[in-house]
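Thank you all for coming; I would like to take a few minutes to walk through one model with you. Please have the sequence and the structure open while I talk.

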Amino acid sequence: MNTKKNLFILTGAGVSKESGIKTFREKDGLWENYKIEDVCTVEAFIKDPNLVNNFYNERRSSIIDQKILPNEAHYQLAKLEKKWKGDFILVTQNIDNLHEQAGSIKILHMHGSLDKCFCMNCGAEYKFNFDLSTEFVCKKCNVKGKVRVDIVWFGEQPKYLDKIYKYLDRTDVFLSIGTSNNVYPAAGFIDYLKHQKRKIDFYEFNIEKTSKSFLFTKSFIGPASETLKKLVDST
Ligand SMILES: [Zn+2]
């Protein structure tokens, strides 16, 4: 790849999965045996904040306890960022910080992050390095029990969309890694770019071909930890 071009990278669950992180399964709508609507909506948080808080406390501690580490795909993307001379942005749907641990800097967590929480009453942000609880009193507004994980729940807008579309408007190369291209957001981003009728290269890195593979200039099939290395080495 020509490193002077503008590069947009989208990563999804497949990249975290290679590090052993279990994510929400579309098949049965379960995430670690919880029904997704019980832990991923504002309504659920209002109805049973302890259940929701405990769920995210568990997610946070399981990542630490199991010593989950970045894999080669994360490291290759950090390496690519260092090599790149044009615009570079890594947009991830993942809520872990494995990209950052591997050295990525220009990154946007469009679905939020397990590293942060915020007060629903006043918007104050906190580092999520303690157990969330209904007893927690916001230091800014003094209201109790309104601090929640900073993850985009169902019915909420993905983050940084303005920035993301500005990057899309300028990108010359679009990489989709470990994400199903059939569903939002990848499908939406690809449609948006295809309508621009500019010369854009589309590369996908997936464990298997998808029904949208035909939209890509090139498909790299296999574990991203392996396929990315080849591309980055040759860049
Ligand atoms: Zn507050």
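If you look at β1, you will see that L7, I9 and T11 point one way from the strand while F8 and L10 point the other way, and that all of them are buried. As a general matter, the side chains of a regular strand alternate between the two faces of the sheet. I should say at once that this is a predicted model, and I would ask you to keep that in mind throughout. Since 5 of the 5 residues of β1, residues 7-11, are buried, the strand is largely enclosed by the rest of the structure.

What does β1 pair with? Towards β4 it is joined by 5 bridges, the two strands running parallel, and here I9 stands opposite L90. There are also 5 bridges joining β1 to β9, residues 173-177, again in the parallel sense, with S176 in β9 as the bridge partner of L10.

Stepping back to the sheet that holds these strands, it is an open one of 6 strands in the order β5-β4-β1-β9-β10-β11, with parallel pairing. Its edges are β5, residues 107-109, and β11, residues 218-221, each of which pairs on one side only. Leaving direction aside, neighbouring strands of this sheet are turned by 15 degrees against each other on average. At the β5 end, β4, residues 88-92, pairs with β5 in the parallel sense over 3 bridges, and T92 stands opposite H109 in β5.

Let me turn now to the second sheet, which is an open sheet of 3 strands in the order β7-β6-β8, with antiparallel pairing. Here β7 and β8 are the edge strands, each pairing on one side only, and neighbouring strands are turned by 40 degrees against each other on average, direction ignored. The antiparallel strands β6 and β7 are joined by 3 bridges, and F118 has E125 in β7 as its bridge partner. Helix α4 packs on this sheet, touching β6 and β8, and its direction makes about 140 degrees with that of β6.

As for α4 itself, this helix covers residues 49-65, and its 17 residues reach 24 Å from the first C-alpha to the last, close to the 24 Å expected at 1.5 Å a residue. Its buried residues include V52, F55, Y56, R59, R60 and I63, and among the elements that cover the buried part of α4 are α2, α3, β6 and β8. Just after the helix, K67 takes a positive phi of about 50 degrees.

I have kept the metal site for last. Which residues hold the zinc ion? Its protein donors are the SG atoms of C119, C122, C138 and C141, lying 2.3 Å from the ion. The arrangement is tetrahedral because the 4 donor atoms subtend angles of 106 to 112 degrees around the zinc ion. Along the sequence, the donor residues follow the spacing C-x2-C-x15-C-x2-C. C122 lies in the loop between β6 and β7 and C141 in the loop between β7 and β8, so this pair ties together parts that are 19 residues apart in sequence. Are these two cysteines buried, exposed or partly exposed? C122 has a relative accessible area of 28% and is partly exposed, and C141, at 23% relative accessibility, also counts as partly exposed.

Notes:
Residues numbered from 1 in each chain as written. Predicted model: local features only at pLDDT ≥ 70, side-chain atom pairs only at ≥ 80, totals over all residues. Heavy atoms only, no water. Donors = N, O, S within 2.8 Å, 3.2 Å for Na, K, Ca; no water. Tetrahedral: all angles 85-135°; square planar, octahedral: opposite > 155°, others 65-115°. Helix = DSSP H or I, 4+ residues; strand = E, 2+ residues; numbered from the N terminus. Buried < 20%, exposed > 50% of the residue type's maximum accessible area, 1.4 Å probe, protein only. Expected span 1.5 Å × (residues − 1). Contact = heavy atoms within 4.5 Å. Pairing = 2+ DSSP bridges. Axes fitted to C-alpha atoms, helices over the stretch in contact; angles between N-to-C directions.
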